[in-house]
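This report describes the fold of a single chain, with particular attention to one strand and its neighbours. The sequence and the structure are shown first.

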Amino acid sequence: MERIRRQTRSVPAEFTTRAEESGELYIEGYFSVFHSLYHLWDGATETVLPGAFTETLTRDDVRALIDHNTRLVLGRTKAGTLELKEDDHGLWGKIRINSKDVDAMNLYHRVQRGDVDQCSFGFEIEEETFQESPNGSIQWQIQKVMLYEVSVVTFPAYEDTEVTARKQAFSEIQQRKQAAWCESMRKRLKEAK
């Protein structure tokens, strides 16, 4: 299946600020939680599986942004101002806040007050599986991603185009299944003659 770039949300309650005695300020928490269901549309969900970030964390330079805005960089793995790690729960991150950056300090205080407590991540799917249950509901299980960025956000959500891309992928799967069923019926009819 063709890769699709998009954002998804994490668990808001696990996103906090921290100040160390040295004066360093941090925003930290889970940017993705494994096995959490993200509802795409009625009867369609997606989940990220453990291990999905393992390879990308060793290979890719990831940025921390505000609201996915590439002009508002909070930190970067290459610079050592963003630390990311995968554990049994999900993708955990810690952003070291630049106290001389007005946007970063404003965000830090908004998170501290609880006004902003959600996060998202931007990625491409490299490996996934698709399951359809007997009741017709469907689920994508993301096994491996290429991570571009993590963001502290006000409203974490898929964009309409991202959900549309998923619906189109599901439609293509249904068409392939229908074509395979028709072919198997043709074979059965030939064998029955």
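A residue is termed buried when its relative accessible area is under 20%. By this criterion, strand 5 (residues 44–48) of this predicted model is mostly covered, with five of its five residues buried. The side chains of strand 5 point in two directions: A44, E46 and V48 one way, T45 and T47 the other, and all are buried.

Strand 5 has pairing partners in strand 4 and strand 11. Strand 4 (residues 38–41) pairs with strand 5 in the antiparallel sense over three bridges, and Y38 has E46 as its bridge partner. A hairpin is formed by these two strands, with two residues between them; in the turn, G43 has a positive phi of about 85 degrees. Strand 11 (residues 138–153) runs parallel to strand 5 and is joined to it by five bridges. Here Q139 stands opposite T45.

The chain as a whole contains three helices and 11 strands, in the order β-β-β-β-β-α-β-β-β-β-α-β-β-α. Of its 193 residues, 41% are buried. Among contacts with a separation of 6 or more, 67% involve residues 24 or more positions apart. The exposed area is about 11100 Å², of which carbon and sulfur atoms supply 47%.

Aromatic residues also take part in side-chain arrangements. The structure holds four aromatic pairs, and F34, F53, F121 and F123 form one aromatic cluster. Two lysines have their charged ends over rings, as tabulated below.

| Lysine | Ring | Distance from charged end to ring centre |
|---|---|---|
| K85 | W92 | 5.0 Å |
| K94 | Y26 | 4.9 Å |

Methods:
Residues are numbered from 1 along each chain as its sequence is written. This is a predicted model: local features need pLDDT of at least 70, side-chain atom pairs count only at pLDDT 80 or more; totals for chains, interfaces and linings use all residues. Side-chain values use heavy atoms; hydrogens and water are left out. Helices (H or I, at least four residues) and strands (E, at least two) are DSSP runs, numbered from the N terminus. Buried means under 20% relative accessible area, exposed over 50%, partly exposed in between (1.4 Å probe, protein chains only). Contact means heavy atoms within 4.5 Å. Accessible areas come from the Shrake-Rupley method with a 1.4 Å probe; for residues, only the protein chains shown count as cover. Rings of Phe, Tyr and Trp (its six-membered ring) pair if their centres lie within 6.5 Å; planes under 30 degrees apart count as stacked, over 60 as edge-to-face and the rest as tilted. A charge sits over a ring if NZ of Lys or CZ of Arg is within 6 Å of the ring centre and within 35 degrees of the ring normal. Two strands pair if DSSP finds at least two bridges between them.
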